[in-house]
Amino acid sequence: MEKVDFSTWFHREKYEFFKPQSWPFWSVSFPVDITNLHRWSRERGLSFYYALTFLVTKAMNGIDAFLYKDRGDCIVRHDHLVPSFSDLKPGSEDFYFVTVEPGEDMADFCRRAREISMAQTEFLVPGPWEYDQSIYVSCLPWIPFTSLVNDRDSDVTDSVPRVTWGKYVPDAQGREVLTMTLNLNHRLLDGVHAGRFYEKLTALLEEL
């Protein structure tokens, strides 16, 4: 993590424009074709949820703007972000948050995520990461929603992106599609960054 020189920061003018707003947060929802990923995870006996969490993290880490965070009195830049995702143990309705270093290999991440999740007994286990190094990931696999707004407090410096997706359903061509919602802070991230995230995630899914 490094502190950014605010006077030369490329995003300074936009940050200052949105800084006075009492609620600088915004969200966007979009369809994602997960046909290839569903096949990939099924063939390997790995969790589709963990696999998509990995790809979301990889896509976000590939966009420099997502690495900048608002600390109130300064801007910092992380070298990478880490997914913190909600999970359920089999047969349970009580969710908990699991945080796993992404690494470079999707299958390895899925295995590590399962091991860590199954072993976790607390609602949230602190790790070695900075508090704003997280990506908050969650899923509503029971509902094919069209949009969603995540909960958050009124801290206008909250720089943690929220990513949530719903139940996947077949489209007219028989492809499996789900809606994903991205919640961001406009002090740091604009529509172009959400667009680049969508493009990177789509490319990663198409490569499978």
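User: Let's start with one ring: is Phe 18 buried or exposed?

Analyst: Keep in mind that this is a predicted model. To read burial, take the relative accessible area and see whether it falls under 20%, which means buried, or over 50%, which means exposed. Phe 18 comes out at 12% relative accessibility, so it counts as buried.

User: And what about Phe 17, buried or exposed?

Analyst: Exposed, because its relative accessibility is 59%.

User: How many aromatic pairs are there, and how do I read one?

Analyst: The idea is to check the distance between ring centres, then the angle between the planes; over 60 degrees counts as edge-to-face. The count here is 19 aromatic pairs. Phe 17 and Phe 18 make one that is edge-to-face, at 5.0 Å centre to centre with 90 degrees between the planes.

User: Why is the pair of Trp 23 and Phe 25 edge-to-face?

Analyst: Because their planes stand at 80 degrees, with the ring centres 4.9 Å apart. On burial, Trp 23 is partly exposed at 45% relative accessibility, while Phe 25 is buried at 11%. Phe 25 also has a charge over its ring: the charged end of Arg 152 sits there, 3.9 Å from the centre.

User: Which residues form an aromatic cluster?

Analyst: Phe 6, Trp 9, Phe 10, Tyr 15 and Tyr 68 form one.

User: Let's move to strands. How many residues of β8 are buried?

Analyst: For a strand, look at each face in turn. Strand β8 covers residues 162–166, and five of its five residues are buried. On one side you have Arg 162, Thr 164 and Gly 166, on the other Val 163 and Trp 165, and both faces are covered.

User: Which strands are joined to β8, and are they parallel or antiparallel?

Analyst: Read the bridges and the direction. Strand β7 (residues 134–140) runs parallel to β8, with five bridges joining them; Ser 138 has Thr 164 as its bridge partner in β8. Strand β10 (residues 176–185) runs antiparallel to β8, and four bridges join that pair. There, Arg 162 has Asn 183 of β10 as its bridge partner.

User: What makes up the nonpolar surface patch?

Analyst: Patch members need over 30% relative accessible area. This patch of about 630 Å² is made by Leu 88, Phe 95, Phe 123, Leu 124, Trp 142 and Ile 143. Take Leu 124: it lies in the loop between α4 (106–119) and β7, and its relative accessible area of 47% makes it partly exposed.

Notes. Residues are numbered from 1 along each chain as its sequence is written. This is a predicted model: local features need pLDDT of at least 70, side-chain atom pairs count only at pLDDT 80 or more; totals for chains, interfaces and linings use all residues. Side-chain values use heavy atoms; hydrogens and water are left out. Rings of Phe, Tyr and Trp (its six-membered ring) pair if their centres lie within 6.5 Å; planes under 30 degrees apart count as stacked, over 60 as edge-to-face and the rest as tilted. Buried means under 20% relative accessible area, exposed over 50%, partly exposed in between (1.4 Å probe, protein chains only). A charge sits over a ring if NZ of Lys or CZ of Arg is within 6 Å of the ring centre and within 35 degrees of the ring normal. Helices (H or I, at least four residues) and strands (E, at least two) are DSSP runs, numbered from the N terminus. Two strands pair if DSSP finds at least two bridges between them. Patches are made of residues with over 30% relative accessible area and no salt bridge: like charges are joined within 9 Å, nonpolar side chains (Val, Leu, Ile, Met, Phe, Trp, Tyr) within 5 Å. Accessible areas come from the Shrake-Rupley method with a 1.4 Å probe; for residues, only the protein chains shown count as cover. A salt bridge is a side-chain nitrogen of Lys or Arg within 4 Å of a carboxyl oxygen of Asp or Glu.
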